[in-house]
Amino acid sequence: MMRWLRLRRMRRAFRALFERDRAIFGSVRFDELDYIETAELHGCTVDEVTKTVARVLIALGRAERGEQP
């Protein structure tokens, strides 16, 4: 499948996430904060950060493969 199509689907899936999930994921993946710093920044637990990052990665992986959420 064409790379641009996979990226478009992933971008669409990312935008469809809850704003808080996008923010937490962005702190870890883009701002390169560790899970403890991210939890403190967003007022949640490290466990919530872990689960959120996993949930976002699963959603992006499904979107890349063209699977429905």
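**Exercise 1. Determine what share of the contacts in the protein chain with a separation of 6 or more joins residues 24 or more positions apart, and describe the overall build of the chain.**

Solution. In this predicted model, residues 24 or more positions apart account for 48% of the contacts with a separation of 6 or more. The next step is to list the elements: the protein chain has four helices and zero strands, and reading along the sequence gives the pattern α-α-α-α. The C-alpha trace spans about 40 × 20 × 15 Å along its principal axes. As for the surface, the chain exposes about 5,100 Å², of which carbon and sulfur atoms supply 55%, while buried residues make up 28% of the 69 residues.

**Exercise 2. Work out how helix 3 and helix 4 are oriented towards each other, and which residues form their contact.**

Solution. Begin with the geometry: helix 3, residues 35-42, packs against helix 4, residues 46-65, at an angle of about 105°, and their axes lie 8 Å apart. Because angles of 65 to 115 degrees count as roughly perpendicular, helix 3 is roughly perpendicular to helix 4. Then identify the residues: helix 3 contributes Y35, I36, T38 and A39, which meet V46, V49, T50 and V53 of helix 4. Sorted by class, this contact of helix 3 with helix 4 holds six nonpolar and two polar residues, with no charged ones.

**Exercise 3. Identify the residues of the largest nonpolar core, and find which helix gives the largest share of them.**

Solution. The largest nonpolar core consists of 12 residues, namely A13, L17, I24, F25, V28, A39, C44, V49, V53, V56, L60 and A63. Assigning them to elements shows that helix 2 and helix 4 are the ones that give two or more residues to this core, and the largest share, five residues, comes from helix 4. As general background, nonpolar side chains tend to be buried together in soluble globular proteins.

To follow one core member further, take V28: leaving aside residues up to four places away in sequence, V28 touches L33, Y35, T38, V49 and V53. Two of these partners, V49 and V53, are also listed in the core, and both V49 and V53 belong to the helix 4 side of the contact with helix 3.

**Exercise 4. Locate E32, describe its backbone, and decide whether E32 is buried or exposed.**

Solution. E32 sits in the loop between helix 2, residues 19-29, and helix 3. Its phi is near 60°, which is a positive value in a residue other than glycine. For the last step, the relative accessible area of E32 is 68%; since exposed means over 50%, E32 is exposed.

Definitions and conventions
Residues are numbered from 1 along each chain as its sequence is written. This is a predicted model: local features need pLDDT of at least 70, side-chain atom pairs count only at pLDDT 80 or more; totals for chains, interfaces and linings use all residues. Side-chain values use heavy atoms; hydrogens and water are left out. Axes are lines fitted to C-alpha atoms, for helices over the stretch in contact, and angles run from 0 to 180 degrees between N-to-C directions. Angles under 35 degrees count as roughly parallel, over 145 as roughly antiparallel, 65 to 115 as roughly perpendicular and the rest as oblique. Contact means heavy atoms within 4.5 Å. Ala, Val, Leu, Ile, Met, Phe, Trp, Tyr, Cys and Pro count as nonpolar, Asp, Glu, Lys and Arg as charged, and the others, Gly among them, as polar. Buried means under 20% relative accessible area, exposed over 50%, partly exposed in between (1.4 Å probe, protein chains only). A nonpolar core is a set of buried Ala, Val, Leu, Ile, Met, Phe, Trp, Tyr and Cys residues joined through side-chain atoms within 4.5 Å. Accessible areas come from the Shrake-Rupley method with a 1.4 Å probe; for residues, only the protein chains shown count as cover.
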